[in-house]
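Visitor: Please take a close look at one small part of this chain, and then set that part in the context of the whole fold. I should like the definitions stated as you go.

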Amino acid sequence: VVILVGECQPNLAHGRVIFILSALAMVGGVAVMRCAMGRQSLAETIFVVAVMLITIGIMLDANMFSTGQGYSDSFPLLINEDAYRSWINANAFYEGNWRTAPLVWNLYGAILAITFIPFGPSIAMALTVSMIAGAVTLLLTTLTAWRLTRSRVVATAALVATAMVAYLMVSATILVKDIWVVMGFAIAAYGLCQWRRTTLWWALGAILAVSFARPNVVLELLVGIIIMALVTPRTQRSRWPFIAAVIVIGLVVMFVAKSMAVTPTIQYQLSNSLPFAENTAEDRVAFFNMLGEDAPHSPLQKIILFPILGLVQFIIPLPWDFGGDAEFGLTLYMAHFSYTWYLFGAVVVFYLCAAKRSAGDKRLLALTLWGVFCWLIPVYVALGTVPRYALCAVPLMAPAVGAVLVRCRKRRALWIWLAVFAVLMAIGLTIVYHIQHSVM
């Protein structure tokens, strides 16, 4: 299927290379999965299909950014701000001029620049970084659920729960760093859910991965390390000195990464890049139009409006504004299929309120609470209008979702709650739809 999609786009550069990398990700993921938890044909099939869909999305977006709009693979049209910055950073690193690029988070550009080494600047090759990060996220989330529950069925359900979050899957097909951050949290979750000799190495790897993309988010990782350490058995509390060392190292890495990401004042413009356009998605525009000058700015205002801001973050991308984020890429149309995310959130609420004991042990609860904490941070920081900042919570909460769907599937309370939640969401979305169109 991937080859067929590539052949239908004859102008797509490096299509066969993308296919080879995709095939390696599929085979490698299945091999690791089989070594870790034995043969599980359903989980392996779902993983392969998910990676295949991500690869097809990359091919479609790469074609849209380049020949699809009259440009080329090395001279793409990137009108989204984040994608534009990532592309310029990557080219600046590749050309050795990164110190003169007037952009932030330059270290992520170094990762993208590695893909330029074989063929030179290429939007198609740059997108493979997102594809690999998405595949690793799916794989490690599955193995995290396996470590926590020792159930192949729960691990498969956790994989399905992760893959059904359309916004996360779409993030693996576009040139933004969010999926790289999500991968960092998946690495941390896998390493911290079971304390072994390699646990701290996994934690350090996660810190480094996140530091390359968003150094500020390292603080959320360190909170997770503390939370997961608190639920370790008493016989293993001797690891506290090592945990303290990881926290210190994490803070040092974060400040070093931030210092390297300071925006210089020298203007730097590449010959193979184009100016970006601000994101004008209707759901965000409508929200700020409704608030007007009353948009919360002070900490007190944000705290008072926190429930409303949390609701805003939960429901967007709105499931009808399909073209609102089209400048990110063609696949962003699918990001607005948010109903599966609503189901994901409903199951998380049920787990926290009614299934903490029956669905798993305290490690699963700690991991889920860590995910809730990471999801709430962007509500305060970004006023709930940038839900992709909260995607890092998905691999942390997916094991709990899988455990509930498997172990509580016969509980009448679960199905009653889901029915009530569906009715409430239908009413709420109807109200939001009319509010949105009245203020646009």
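**From one serine to the helix packing**

Guide: S22 lies in helix α2, which covers residues 15-37; helices (H or I, at least four residues) and strands (E, at least two) are DSSP runs, numbered from the N terminus. The model is a predicted one, in which local features need pLDDT of at least 70 and side-chain atom pairs count only at pLDDT 80 or more, while totals for chains, interfaces and linings use all residues. Residues are numbered from 1 along each chain as its sequence is written, and side-chain values use heavy atoms, with hydrogens and water left out.

With a relative accessibility of 1%, S22 counts as buried (under 20% relative accessible area, against over 50% for exposed and partly exposed in between, with a 1.4 Å probe and protein chains only). Leaving aside neighbours within four places in sequence, S22 is in contact with V51, T55 and M131, where contact means heavy atoms within 4.5 Å. S22 and T55 are separated by 33 residues in sequence, yet their C-alpha atoms are 6.5 Å apart.

A second such position is G250, in helix α12 (residues 240-260). G250 is also buried, at a relative accessible area of 0%. Its contacts, not counting residues up to four places away in sequence, are I207, V218 and L222. From G250 to V218 the C-alpha distance is 6.9 Å, across 32 residues of sequence.

The wider setting is a chain of 21 helices and 0 strands. Of its 440 residues, 57% count as buried. Among contacts between residues at least 6 apart in sequence, 77% join residues at least 24 apart.

The largest nonpolar core has 137 residues; such a core is a set of buried Ala, Val, Leu, Ile, Met, Phe, Trp, Tyr and Cys residues joined through side-chain atoms within 4.5 Å. Those with the most contacts inside this core are F47, L175, W180, F185, W341, F344 and W370. Its largest share, 15 residues, comes from helix α6 (residues 123-149). The partners of W370, beyond four places in sequence, include F185, L221, M228 and L396.

F47 leads on to the helix packing, since L42, A43, I46 and F47 in α3 meet T156, L159 and V160 in α7. Helix α3 (residues 41-65) and α7 pack at about 15°, with axes 9 Å apart; axes are lines fitted to C-alpha atoms, for helices over the stretch in contact, and angles run from 0 to 180 degrees between N-to-C directions. The two are therefore roughly parallel (under 35 degrees, whereas over 145 is roughly antiparallel, 65 to 115 roughly perpendicular and the rest oblique). Their crossing is left-handed, a term for a near helix turned anticlockwise from the far one by less than a right angle, right-handed being clockwise.

Helix α6 packs on α7 as well, at about 145° and with axes 8 Å apart, in a right-handed crossing. Among the residues making this contact are L138, T142 and W146 of α6 and V154, A158 and L159 of α7.

As to confidence, the chain averages a pLDDT of 83, and 83% of the residues score at least 70; pLDDT is the predictor's confidence in each residue, from 0 to 100. The highest mean, 96, belongs to helix α7 (residues 152-163), and the lowest, 53, to helix α13 (residues 282-291). Over residues 262-280 the pLDDT is below 50, and this stretch has 60 contacts in the model beyond near neighbours in sequence.
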